[in-house]
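Welcome! Take a moment to turn the model around on your screen, and then let us walk through it together, one region at a time.

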Amino acid sequence: VFARCAGRCEERTLGLAHHTFGIALLRTGDLDEAERQFLLALKIWQKIDFPDDPEPYLYEAQIAAVGLRWQDAENAFREAMNRASDRLDILEGMIDAQMKQLKFSDAEVELRRLLARDPSKVSARVRHADCLMRTGSLDEALEELQAILQTDPDSYDALVLFGQLAMSSGRTAEALSVLKRAVNQRPEDAEVRYLYGKTLRAAGQEAEAAEHFEFREAAREPLLRLSKATHELVEHPRNLALRYEVAELTWRWKSHDEGAIWLLSLLELDPLHHQAHALLARHRELKGEATRAAHHRSLAGSAEFHE
């Protein structure tokens with residue numbers, strides 16, 4: 001359809017065709033060609049009726065982010081913001097790109113802007129506390145985290161950050177309390193298990209710390225492989241075996257929920273991927289979602305997931 005349209009469309013419609021084709025390519029994992037189509041749409045729209053449309057810049061930013069090109073992503077998000085200053089989703093994307101580049105001072109300024117417009121946004125408040133910690137404003141970060149945990153005591157990221165801050169300032173008992181809650185909530189997170197182990201050791205609880213150090217040691221090689229595989233996937237986004245490897249390693253050693261997101265992205269490329277369905281069945285079972293677990297189990301065929 002795109003090929004037929006491109007031969008005889010009006011210029012405005014051709015820009016829309018490039019944009020729509022880019023979205024379709026993005027869903028298939030063909031990032032390079034999707035980016036080329038969005039840039040073609042952008043050039044056409046800039047010449048005619050849509051110079052102020054933020055969407056092409058937003059897609060350009062998202063593709064750059066998937067490719068881990070964070071400076072390009074930040075620039076494109078900023079162009080989108082210049083055209084839609086009221087869009088908080090665009091502002092959040094730009095902040096994320098800044099934090100990935102360790103531009104914590106810049107991100108902190110933008111987070112203040114975001115929170116001035118939506119002070120109830122917990123994820124933004126946690127990221128703001130993170131930036132405050134990284135720029136040396138420890139008292140302000142602690143105050144922010146305490147306020148977050150009063151209203152949202154199960155905020156995982158807030159618990160971890162508070163534990164880090166309490167541990168570094170010698171408040172071992174407080175660190176133990178919040179990190180225990182974090183570990184109970186996400187026992188698969190090897191890095192937080194290690195932090196909790198260090199806190200237990202600081203409190204003189206060496207025997208209790210040992211199991212967490214052992215877990216982190218078991219995760220050492222898988223986490224190194226996860227980092228490498230994630231970068232390989234940027235170059236080969238349609239490699240299903242690689243995508244499943246990233247999903248499984250993430251699920252086992254970082255976050256069940258994040259791993260499930262990777263699995264769902266795999267099913268968009270191959271809806272009948274048996275291993276993905278087997279792992280998703282186990283994921284749903286752990287969450288107590290029996291009906292959804294049974295659905296994935298029925299699609300897993302003979303594949304099984306072994307913990």
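A residue is called buried when its relative accessible area is under 20%, exposed when that area is over 50%, and partly exposed in between. Please keep in mind as we go that the model is predicted. The cut-off lets us place a residue such as R284: its relative accessibility is 8%, so R284 counts as buried. Across the protein, 44% of the 307 residues count as buried.

Let us step back for the overall view. The secondary structure consists of 17 helices and zero strands. If you measure the C-alpha trace along its principal axes, you get a span of about 75 × 50 × 35 Å. The chain also brings together residues from separate parts of the sequence: of the contacts between residues at least 6 apart, 48% join residues at least 24 apart.

Our first stop is helix 4, which covers residues 55–66. Helix 4 contains E55. With a relative accessibility of 24%, E55 falls between the two cut-offs and therefore counts as partly exposed. Setting aside neighbours within four places in sequence, E55 is in contact with H19 and R87. You can also look from E55 across to A80: the two are 25 residues apart along the chain, and their C-alpha atoms are separated by 7.1 Å.

A80 brings us to helix 5, where it is one of the buried residues, along with W70, A73, E74, A76, F77 and M81. These buried residues pack against helix 4, helix 6 and helix 7. Helix 5 has 14 residues, and from its first C-alpha to its last it reaches 20 Å, close to the 20 Å expected at 1.5 Å a residue. Pause at A76, which also lies in helix 5. Its relative accessible area is 3%, so A76 is buried. Beyond its neighbours within four places in sequence, A76 is in contact with Y57, E60 and A61. For a sense of distance, compare A76 with A229: they are 153 residues apart in sequence, and 26 Å separates them in space, C-alpha to C-alpha.

Now for the loops. Most residues other than glycine have a negative phi. Which residue in the loop between helix 4 and helix 5 should you look at here? The one to find is L68, which lies in that loop. Phi of L68 is near 60 degrees, a positive value in a residue other than glycine. L68 has a relative accessible area of 31%, so it is partly exposed. A second case is L102, found in the loop between helix 6 (88–100) and helix 7 (104–117). L102 has a positive phi of about 65 degrees, although it is not a glycine. Its relative accessible area is 60%, so L102 is exposed.

Next, travel along the chain to helix 14, residues 240–253. What caps the N-terminal end of this helix? That role falls to N239, which has a side-chain oxygen 3.2 Å from the backbone nitrogen of A241. At 1.5 Å a residue, the 14 residues of helix 14 should span 20 Å, and because its end C-alpha atoms are 20 Å apart, the two values agree. The buried residues of helix 14 are L242, R243, Y244, V246, A247, L249, T250, W251 and W253. They pack against helix 12 (190–202), helix 13 (206–235), helix 15 and helix 16.

Those last two helices make our final pair. Two packed helices are described by the angle between their axes and the distance between the axes. Helix 15 (residues 256–269) and helix 16 (residues 274–286) pack at an angle of about 145 degrees, with their axes 10 Å apart. Helix 15 passes helix 16 in a left-handed crossing. On the side of helix 15, the contact is made by H256, D257, A260, L263, L264, L266 and L267, while helix 16 brings A276, H277, L279, L280, H283 and L286. Sorted by class, this contact has nine nonpolar, three polar and one charged residues.

We end where we began, with R284, which lies in helix 16. Not counting residues up to four places away in sequence, R284 touches E289, R292, A293 and H296.

Definitions and conventions: Residues are numbered from 1 along each chain as its sequence is written. This is a predicted model: local features need pLDDT of at least 70, side-chain atom pairs count only at pLDDT 80 or more; totals for chains, interfaces and linings use all residues. Side-chain values use heavy atoms; hydrogens and water are left out. Axes are lines fitted to C-alpha atoms, for helices over the stretch in contact, and angles run from 0 to 180 degrees between N-to-C directions. Helices (H or I, at least four residues) and strands (E, at least two) are DSSP runs, numbered from the N terminus. A crossing is left-handed if the near helix is turned anticlockwise from the far one by less than a right angle, and right-handed if clockwise. Contact means heavy atoms within 4.5 Å. Ala, Val, Leu, Ile, Met, Phe, Trp, Tyr, Cys and Pro count as nonpolar, Asp, Glu, Lys and Arg as charged, and the others, Gly among them, as polar. The expected span of a helix is 1.5 Å times one less than its number of residues. Buried means under 20% relative accessible area, exposed over 50%, partly exposed in between (1.4 Å probe, protein chains only). A polar contact is a pair of N or O atoms within 3.5 Å; within protein, one must be able to donate a hydrogen and the other to accept it, and residues adjacent in sequence count only if both atoms are side-chain atoms.
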